[in-house]
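Me: I'm new to reading structures, and I'd like a close look at one small part of this one. Pick a charged side chain in a loop, please, and then take me outward from there to other places worth seeing.

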Amino acid sequence: MRRQVVIIGGGPSGLLLGQLLHRAGVDTIVLERKTRDYVLGRIRAGVLERGLVALMGEAGVDTRMKADGFVHDGTLIAYDNDMFRVDFAKHTGQGVLVYGQTEVTQDLYDAREAANGDTRFGVENVVVHDADSDTPHVSFDQGGQHHRIDCDFIAGCDGFHGVSRKTIPETVRRDYEKVYPFGWLGILSETPPVNEELIYANSDRGFALCSMRNAQLSRYYIQCDASDSVDTWSDDTFWDELRRRIPASAADVLITGPSIEKSIAPLRSFVTEPMRWGRLFLCGDAAHIVPPTGAKGLNTAASDVHYLNQGLRQFYLDRNTDGLDRYSERALARVWKAERFSWWFSNLMHHYPDQSEFDKKMQLAELSLLRDSPEAQAVMALNYVGLPY
Ligand code: RFL
Ligand code: PHB
């Protein structure tokens with residue numbers, strides 16, 4: 001079998017790339033290890049930058065997003081019993097869109113199905129062959145059968161634990177990593193959000209975030225020990241701890257209910273360089289991870305998709321390889337800025353196990369600078385709404 005582009009991974013990066021290429025007449029196959037339901041059951045991102053919203057439009061899949069998404073023009077930051085607002089719209093003329101990754105992924109799967117796109121679920125033993133030659137191919141097993149697909153290019157969109165990045169020889173690849181000494185415990189509950197906008201809270205007991213998916217669906221997170229397990233956190237313990245970490249004005253009106261999802265995510269900053277090896281191109285979490293503070297993961301995956309889509313279109317329409325040759329450099333230039341923002345915002349908002357009194361004072365000084373300085377707020381707003389592509 002032959003396809004122009006093999007896409008490994010049917011998460012948001014792989015599906016968005018597939019849909020954009022489909023619109024350009026490029027023939028793709030998506031290989032996904034899990035089932036569609038499993039992929040849609042993962043509760044992840046909730047805040048979309050304008051760049052991703054525009055790409056969904058370009059891919060022809062933004063109807064439901066436009067109808068059901070909520071524009072947020074600012075966010076609240078709480079610390080030391082104080083709370084202030086960073087006004088994105090005032091500083092940048094833009095907002096962000098609250099619309100879940102689950103919905104984005106579902107819209108993309110629906111569109112791929114409507115277009116009769118070739119998607120294989122439950123594939124095993126995916127192997128990339130000869131990526132550094134002009135005749136690469138990908139092999140995999142499905143339902144007891146072995147398959148081979150010859151192609152022009154391979155898009156490695158298979159997330160942090162996928163095979164694509166590991167295909168690049170260690171002599172070529174350089175990894176940069178920082179692991180944070182805590183995790184995020186998140187719950188989803190069918191309750192109205194505590195506030196119209198997100199609240200990021202720095203408290204002595206650790207970080208907390210009040211987020212949402214819609215008017216009846218809330219998403220809350222609290223910083224927890226990296227070694228905690230969800231079983232040690234009953235819903236009641238979670239709600240009690242959340243109340244202690246957010247300002248009294250919010251805690252007093254918090255509506256609680258049973259969790260419909262509860263999970264713990266580790267926090268990590270990670271980048272691999274380069275993002276291209278021969279005819280293999282890495283996209284999204286396969287190449288980089290950010291801690292979720294600041295909501296940059298899915299959005300940074302989207303900017304990779306944008307650059308790769310441009311490069312592939314240029315190749316197929318004009319036989320010009322410039323966009324592909326510059327893919328890694330272009331994508332990484334933006335990735336590192338998103339890494340910086342997520343690292344900065346994580347450092348500002350979390351309680352570190354080995355934090356000294358001096359370190360704590362530094363956090364408070366920076367938070368009060370952010371509260372009082374329009375210039376500091378403008379820098380934060382610019383990064384939060386998303387740097388231009
Ligand atoms: P994904 O979503 O991990 O998808 C990769 C897909 O590849 C499949 N796969 C394979 N398929 C075939 N063969 C193999 N060998 C394979 N190995 C893996 C996997 O099954 C999977 O379906 O990566 P992708 O597409 O790059 O998307 C990245 C985003 O999912 C991620 O960056 C965000 O979810 C991060 N993130 C957030 N990002 C935001 O922009 N805004 C947010 O508000 C936000 N909140 C979050 C987040 C991530 C979180 N967690 C759990 C890490 C909140 C949380 C709690
Ligand atoms: C979410 O709603 O899941 C979310 C929102 C903002 C973040 C991280 C996660 O910074």
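Reply: One term first: a polar contact is a pair of N or O atoms within 3.5 Å, and inside a protein one of them must be able to donate a hydrogen and the other to accept it. Also keep in mind that this is a predicted model.

Let's start with aspartate 228. You'll find aspartate 228 in the loop between β16 (217-224) and α8 (235-245). Its side chain makes a polar contact of 2.9 Å with the side chain of tryptophan 233. If you skip neighbours within four places in sequence, aspartate 228 is in contact with Trp233 and Ile264. So is it buried or exposed? Somewhere in the middle: its relative accessible area is 22%, so aspartate 228 is partly exposed. Try one distance while you're there: from the C-alpha atom of aspartate 228 to that of proline 258 is 20 Å, and the two residues are 30 apart along the chain.

Next, go to strand β17, which covers residues 259-273 and holds glutamate 261. This glutamate has a relative accessibility of 18%, and because buried means under 20%, glutamate 261 counts as buried. Its side chain has polar partners: there is a polar contact of 2.9 Å with the side chain of arginine 219, and another of 3.0 Å with the side chain of serine 263. Leaving out residues up to four places away in sequence, glutamate 261 touches Ile43, Gly186, Ile187, Leu188 and Arg219. Arginine 219 thus comes up both in the list of touching residues and as a polar partner.

β17 also leads you to an unusual peptide bond. Glutamate 273 and proline 274 are joined by a cis peptide bond, with omega at about -5°. Proline 274 is in the loop between β17 and β18 (276-277).

While we're on backbone angles, look at aspartate 80. Its phi is positive, about 50°, although this residue isn't a glycine. Aspartate 80 belongs to the loop between β5 (74-79) and β6 (82-87), and with a relative accessibility of 56% it counts as exposed. Asparagine 125 is a residue other than glycine with a positive phi too, near 50°. But asparagine 125 is part of a strand, β9 (residues 124-129). At 52% relative accessibility, asparagine 125 counts as exposed.

Aspartate 80 also takes us to a helix. Leucine 364, which is found in helix α13, is in contact with Tyr79 and Asp80 once its neighbours within four places in sequence are set aside. Leucine 364 counts as partly exposed, at 21% relative accessibility. Its C-alpha atom is 35 Å from that of arginine 330, a residue 34 places away along the chain.

Stay on α13 for a moment. Helix α13 (residues 357-372) packs with helix α14 (residues 374-385) at an angle of about 95°, and their axes are 5 Å apart. That makes α13 roughly perpendicular to α14. On the α13 side the contact uses Leu369, Leu370, Arg371 and Asp372, while α14 brings Pro374, Ala376, Gln377 and Met380. Sorted by class, there are five nonpolar, one polar and two charged residues.

Last stop: helix α3, which has two helix neighbours to look at. Take α1 (residues 12-23) to begin with: the axes of α1 and α3 come within 9 Å and cross at roughly 45°, which makes α1 oblique to α3. Leu16, Leu20 and Arg23 of α1 meet Leu52, Leu55, Met56, Gly57 and Glu58 of α3. That contact has five nonpolar, one polar and two charged residues.

The other neighbour is helix α10 (residues 297-318). The axes of α3 (residues 50-58) and α10 come within 9 Å and cross at roughly 50°, and the two are therefore oblique to each other. The crossing is left-handed. Here Leu52, Leu55 and Glu58 in α3 meet Leu298, Asn299, Ala302, His306 and Asn309 in α10. By class that gives four nonpolar, three polar and one charged residues. Notice that Leu52, Leu55 and Glu58 turn up in the contact with α1 as well as in the contact with α10.

Definitions and conventions: Residues numbered from 1 in each chain as written. Chains lettered and ligands numbered in written order. Predicted model: local features only at pLDDT ≥ 70, side-chain atom pairs only at ≥ 80, totals over all residues. Heavy atoms only, no water. Axes fitted to C-alpha atoms, helices over the stretch in contact; angles between N-to-C directions. Helix = DSSP H or I, 4+ residues; strand = E, 2+ residues; numbered from the N terminus. Parallel < 35°, antiparallel > 145°, perpendicular 65-115°, else oblique. Left-handed = near helix turned anticlockwise from the far one by under 90°. Contact = heavy atoms within 4.5 Å. Nonpolar A, V, L, I, M, F, W, Y, C, P; charged D, E, K, R; others polar. Buried < 20%, exposed > 50% of the residue type's maximum accessible area, 1.4 Å probe, protein only.
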